[in-house]
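Thanks for coming. I have one structure to go through today, and I will put it on the screen now.

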Amino acid sequence: MMLKDLVLKNRSYRGFDESVRISRETLEGFVDCARLCPSSVNKQPLKYFLAWEPEEVGLTKWARALPDMVLPHPGKRPTGFVVICQDKRIDENLNRYQKDVGIVAQTMLLAAVEQGLGGCMIGNFQAGDGSDWTARGDPAAFDCGVWKTGGGDSSGGCAGGWKYELLPG
């Protein structure tokens, strides 16, 4: 499939087919694609937390501005997600790497589309909202955002010598 075809098929899914289970290996494959993306000032500050177990996948909340709504709707929840974190021990400047986060998230979405899956980027995420899985690293040292994946309704290295880092899980 050509890149333009992937871009045309990509969209922001709000509902997922829960019968399609996402494995750790699938998520690692998406992160493996993301690690090939350029990084501002070549510091590689992004780290990734992978969730595919049902007890972890259910920890995120959607539509904070609509507190009376339960989203996603029951039966339409994603079955895996990647939390993209910036390691502030590498660089405190969160604004410098926001473009990097968008680039790696879009790269992972395109990798998902290539496999017949879909996803949704969520930037309105707060690590301190009670989701204890973010505390598996040093919670004060990371700024995080969420990228979810599933079947949409309708530690590796590179030649440059750096490795992507998965947060303990």
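Let me start with a side chain. Is arginine 35 buried or exposed? Arginine 35 counts as buried, because its relative accessibility is 10% and the cut-off for buried is under 20%. Its salt-bridge partner is aspartate 32, with the closest N and O atoms 2.4 Å apart. Aspartate 32 is partly exposed, at a relative accessible area of 28%.

Before going further, a word on what you are looking at. This is a predicted model. The average pLDDT for the protein is 75, and 70% of the residues score at least 70. By element, helix α2 has the highest confidence, at 92, and strand β5, residues 142-152, has the lowest, at a mean of 55. Residues 126-141 stay under 50 in pLDDT, although the model gives them 24 contacts beyond four places in sequence. Residues 154-163 are also below 50, with 14 contacts beyond near neighbours in sequence. Where pLDDT is low, the predicted coordinates should not be read in detail. Please keep that in mind when you look at the contacts in those two stretches.

Now the layout. The protein has four helices and six strands. Read from the N terminus, the order is α-β-α-β-α-β-α-β-β-β. Of the 169 residues, 44% are buried. The exposed surface comes to about 8900 Å², with 53% of it supplied by carbon and sulfur atoms.

Next, the interior. The largest nonpolar core has 17 residues. Phe30, Tyr48, Val82, Ile84, Val104 and Met108 are the ones with the most contacts inside this core. Four elements each supply at least two of its residues: α2 (24-34), β2 (46-51), β3 (80-87) and α4 (98-114). The biggest contribution is from α4, with five residues.

What does valine 104 touch, leaving aside its neighbours within four places in sequence? Its contacts are Ala34, Cys37, Leu46, Tyr48 and Ile84. There is also a second, separate core of six residues, and Phe49, Val57, Phe81 and Cys85 are among them.

Two of the cysteines just named deserve a comment, since somebody usually asks about disulfides. The structure holds zero disulfides. Why does cysteine 37 have no bond to the closest cysteine sulfur? That closest sulfur is in cysteine 33, and the distance is 8.3 Å, which is too far for a bond. Cysteine 37 is buried, at 13% relative accessibility. Cysteine 85 is buried as well, with a relative accessible area of 2%.

Back to the charged residues. The search of the whole structure finds five salt bridges, and arginine 35 with aspartate 32 is one of them. Another is aspartate 91 with lysine 43, where the closest N and O atoms are 3.3 Å apart. What does this pair tie together? Aspartate 91 is in the loop between β3 and α4, and lysine 43 is in the loop between α2 and β2, so the bridge ties together parts that are 48 residues apart in sequence. On the acid side, aspartate 91 counts as buried at 10% relative accessibility. On the base side, lysine 43 is partly exposed, at 36%.

A further bridge joins aspartate 87 and arginine 89, with 3.0 Å between the closest N and O atoms. Here the acid is buried, as aspartate 87 has a relative accessible area of 5%. Arginine 89, in contrast, is exposed, at 54%. Finally on this topic, Lys43, Asp91 and Arg96 are joined into one network by salt bridges that share partners.

The last item is a residue from the N-terminal part of the chain. Where is tyrosine 13 found? The loop between α1 (3-9) and β1 (16-17) holds tyrosine 13. Although in a loop, tyrosine 13 is buried, with a relative accessible area of 9%. In sequence, tyrosine 13 and proline 78 are 65 residues apart, while their C-alpha atoms are 9.4 Å apart in space.

To recap: the main points were the 17-residue core, to which α4 gives the most, the five salt bridges, and the two stretches under 50 in pLDDT, residues 126-141 and residues 154-163. That is all I have.

Terms used: Residues are numbered from 1 along each chain as its sequence is written. This is a predicted model: local features need pLDDT of at least 70, side-chain atom pairs count only at pLDDT 80 or more; totals for chains, interfaces and linings use all residues. Side-chain values use heavy atoms; hydrogens and water are left out. A nonpolar core is a set of buried Ala, Val, Leu, Ile, Met, Phe, Trp, Tyr and Cys residues joined through side-chain atoms within 4.5 Å. Buried means under 20% relative accessible area, exposed over 50%, partly exposed in between (1.4 Å probe, protein chains only). Contact means heavy atoms within 4.5 Å. Accessible areas come from the Shrake-Rupley method with a 1.4 Å probe; for residues, only the protein chains shown count as cover. A salt bridge is a side-chain nitrogen of Lys or Arg within 4 Å of a carboxyl oxygen of Asp or Glu. pLDDT is the predictor's confidence in each residue, from 0 to 100. A disulfide is a pair of cysteine sulfur atoms within 2.5 Å.
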